[in-house]
Amino acid sequence: MSLPLLSLPRPPAPARLIRAIDPRVPLGVKRRLVEPLLNRTFAEPLEEGEFDALEGRRISLAIEDLGMMLTLSLEAQRLVLCHEPGEAIIRGGWREFLCLATRREDPDSLFFQRRLLIEGDTELGLTVKNLLDGREESLAQGPLGELLIRLEGRARRTSRPPFR
C-alpha cells in the first residue's frame, strides 16, 4: 500500500520571514542581539574616538528589501539602537549593505550607482559611510565575519540563474 505524499507548505523565503518578524521584535531584544556585535566589531575605532561625530546624533540604516530599519546613535562611547528616527538615512537592499560591509565593491560605486542612497543630513550620512570605508579591514574579518560570509554565499546562490 502506498501512502499519498503530503503537500507540505514551503517555508517562507528568508526576506519574507524577516519582514514579518522584525516589526514584532521589541527594541530591547534587538539591542541585546545587535549592540554587542556592533560594539565588538568597532571596538578599536570607538576607543580611538572615530565615531564621536555620532554622539547625540542618529543615523538610520534602511534595508528596504527586508523591510527593516535600524537607527544607531553613540552614547558613552558605545553604539546603541534607538527608537527615534535618524537625522540621516542610508537606504538600500541587503545585498548592497553586504557589499559595503565585506568590501566586495567600492563603497563610492554603490552610492554613485544609487544602489545605496543617503537622505536627510547628508553630511552625517557621508561621515558614517567614510568611517566604514576608512576601515583597513572589512567587517568580514571582525565578529560579524562568519555571518556575513554565509550571507554572501547565500546571495550568490540565490542570484544565479536556475539550472536547466
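Student: What makes the order β3-β2-β1-β4-β5 an open, mixed sheet here?

Tutor: In this predicted model, 5 strands form an open sheet in the order β3-β2-β1-β4-β5, with mixed pairing, where strands are DSSP runs of E with at least two residues, and helices are runs of H or I with at least four, numbered from the N terminus. The edge strands are β3 and β5 (116–120), each of which pairs on one side only. From one strand to the next the twist averages 25°, taken from axes that are lines fitted to C-alpha atoms, with angles running from 0 to 180 degrees between N-to-C directions. Residues are numbered from 1 along each chain as its sequence is written. Local features need pLDDT of at least 70, side-chain atom pairs count only at pLDDT 80 or more, totals for chains, interfaces and linings use all residues, and side-chain values use heavy atoms, leaving out hydrogens and water.

Student: How do you know that β2 and β3 are paired?

Tutor: Two strands pair if DSSP finds at least two bridges between them, and 4 bridges join β2 (residues 68–75) to β3 (residues 78–81), so these antiparallel strands satisfy the criterion. L74 has L79 in β3 as its bridge partner, and the two strands form a hairpin with 2 residues between them, where A76 in the turn has a positive phi of about 50°.

Student: How do you know that β4 and β5 are paired?

Tutor: The strand β4 (residues 88–92) is joined to β5 by 5 bridges, and the two run antiparallel; one of the bridge partners is L116 in β5, opposite G92.

Student: Why is T41 called buried?

Tutor: T41 has 7% relative accessibility, and buried means under 20% relative accessible area (1.4 Å probe, protein chains only; exposed is over 50%, partly exposed in between), so T41 counts as buried. The residue lies in helix α2 (residues 27–41).

Student: Why are C82 and C99 called buried?

Tutor: C82 is at 11% relative accessibility and C99 has a relative accessible area of 15%, so by that same cut-off both are buried. The structure holds 0 disulfides, a disulfide being a pair of cysteine sulfur atoms within 2.5 Å.

Student: What makes a set of residues a nonpolar core, and which have the most contacts inside the largest one?

Tutor: The members must be buried Ala, Val, Leu, Ile, Met, Phe, Trp, Tyr or Cys residues joined through side-chain atoms within 4.5 Å. The largest such core has 28 residues, and those with the most contacts inside it are F51, L54, I59, L79, I90 and L116. Its largest share, 5 residues, comes from helix α4 (residues 94–102).
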